[in-house]
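I opened my notebook to get to know a structure that was new to me. Here is what I looked up, entry by entry.

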Amino acid sequence: MAQEVNVFWFRRDLRLHDNVGFFKALHGKLPVLPVFIFDTNILEELPEDDARVNFIHRQLNRMNDKLREHGSSLLVLQGSPEDAFSEILSDYEVKNVITNRDYEPYAKQRDEEVEAMLSEKNIGFYTYKDQVIFEKDEVVKNDGDPYVVYTPYMKTWRDQFDPEKHIKDHDPAKVLKNLIQEKDLRFLSLEDIGFIPSEIQVPDYDVSESLIDAYGKTRNFPDKDGTSHLGPHLRFGTVSIRQMVRKALESSSDVFLKELIWREFFMQILYHYPHTVNKAFKSKYDRIPWRNNEEEFERWKEGKTGYPLVDAGMRQLKATGYMHNRVRMLVASFLCKHLLIDWRWGEAYFAEKLLDYEQASNVGNWQWASGSGVDAAPYFRIFNPMTQVDKFDKDKRYIKTWVEEFGTDAYCDPVVEHKKGRERALDTYKEALT
DNA sequence: TTTTGAGTTGTTCGA
DNA sequence: GTCGAACAACTCAAA
């Protein structure tokens, strides 16, 4: 007779500490079998040296080492979630599967299917809130509808926030003994899952007191890099959101906390309006006749538009998997307005390259840039790529870091003249929207 | 129900 | 160089 266990399924919560679902699982009656599944539905779209897969794998190794200190280990499989669970069910008498909730459209569907499959076999499927302070419909208007404007959402979020309730630490130290006692569960190597080491490494995050205090002032200047680099860690759960909110609250400045609230704002938007993944939130913006010139799109991707701040950002993205936020706004505006290329093209490219890719934030911010989203910039608000240099990279230090040939004859001519591009965008938008 | 105030991140033009 | 208005009206949220 196979051993009776509860499975804890790790997904984008890759840590043992302050992990709500893991903590709850360890308080159950049965030993906990910790599992991670490399989902082939997701993996098949990725290049073999994908940096995020590398990061995930490295983090799984660290977790496995820690679990082994407690006489246990992590089971790492590959396949569709259904197939992986079938495999687990053939080896163990699984009573319950416990996991943390994920709100993306693909994830919601996946979880529904897994739950249905498990319930046929009378296995429980329990999910917990872990990756946000407020989820789904916990922060809504008085009439129950979701907020679609940030500021009132943020105010209500803060009104409802209670430190006693929302940022409790879930320390698993006392219950780790409830892990399954098997030190050599199957742990697929990077090679086993068909990947190779990446040139790009996910950087450590900095949420030091000094960074958070100065964040409001320095975060806009790409050469100072006063940003936290927290994105990939929040994305894959290598830090806990509760710990980050605790840090944010210790600061005298609330700019950092507001950024964390933006993350949840866009998550609840995607939850309530999943169609915004590929449709404009404001539907009349789907009428815009994008030029979608492939050659120009290629120049944008390669950082060869002839606008140095745009090009610096695109080259930083390609080389490091990161782009400074200020520059993200500029390159997005440039693609949608100056080049009149569909925001979905830009969104897809960011999804491919960004280590901190978060579907809700990426879609939300691209729609913001194109004018089609919630609380979006009005369409006539078109960034001037030269003015942005004067304001945010005056000494051109950031530009020179990424565009070596800047200032020489080797640097390319502008793909479109600013004034012409601007007027073309204004005319096209106006025509399409009226 | 109607009214009122307000809304992430900008640029250009003319005085 | 600096300032305010225009861009173009719109929609949301709450009283």
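**Entry 1: the core**

I started with the largest nonpolar core, which has 106 residues. Val7, Phe8 and Val35 have the most contacts inside this core. I kept in mind that this is a predicted model. Next I asked which helix gives the most to the core. Helix α11, residues 255-272, does, with nine residues. As a general note to myself, nonpolar side chains in soluble globular proteins tend to be buried together.

I then looked up what Val7 touches, leaving out residues up to four places away in sequence. The list is Leu33, Val35, Ile88, Val94, Val97 and Ile98. Val35 therefore turned up twice in my notes, once among the residues with the most contacts inside the core and once as a contact of Val7, with a nonpolar core being a set of buried residues.

**Entry 2: the sheet**

In what order do the strands of the open five-stranded sheet run? I wrote down β3-β2-β1-β4-β5, with parallel pairing. At the edges are β3 (75-79) and β5 (124-128), each of which pairs on one side only. From one strand to the next, the twist averages 30°.

I took a closer look at one pair. Strand β2, residues 32-39, joins β3 in the parallel sense over five bridges. Val35 came up here again: its bridge partner in β3 is Leu75.

**Entry 3: around DNA strand B**

I found 16 residues around DNA strand B. Which of them come nearest? They are Tyr150, Thr151, Asp375, Asn384 and Thr387. The elements giving two or more residues to this surface are α6 (150-160), α16 (359-370) and α17 (385-392). Sorted by class, the surface has nine nonpolar, five polar and two charged residues.

**Entry 4: around DNA strand C**

Around DNA strand C I noted several residues, among them Lys141, Asn142, Tyr147, Pro378, Phe380 and Lys430. Helices α6 and α19 (418-433) each supply at least two residues of this surface. By class, the residues divide into seven nonpolar, two polar and two charged. I had already met α6 at the surface near DNA strand B.

**Entry 5: a loop lysine**

Last, I went to Lys284, in the loop between α11 and α12 (294-302). Is Lys284 buried or exposed? Lys284 is exposed, because 11 other C-beta atoms lie within 10 Å, and a residue with 12 or fewer counts as exposed. I also checked Lys284 against Tyr205, 79 residues apart along the chain: their C-alpha atoms are separated by 40 Å.

Methods: Residues numbered from 1 in each chain as written. Chains lettered and ligands numbered in written order. Predicted model: local features only at pLDDT ≥ 70, side-chain atom pairs only at ≥ 80, totals over all residues. Near = placed C-beta within 6 Å. Helix = DSSP H or I, 4+ residues; strand = E, 2+ residues; numbered from the N terminus. Nonpolar A, V, L, I, M, F, W, Y, C, P; charged D, E, K, R; others polar. Core = buried A, V, L, I, M, F, W, Y, C linked by C-beta atoms within 7 Å. Buried ≥ 20, exposed ≤ 12 C-beta atoms within 10 Å, placed from the backbone. Contact = placed C-beta atoms within 7 Å. Pairing = 2+ DSSP bridges. Axes fitted to C-alpha atoms, helices over the stretch in contact; angles between N-to-C directions.
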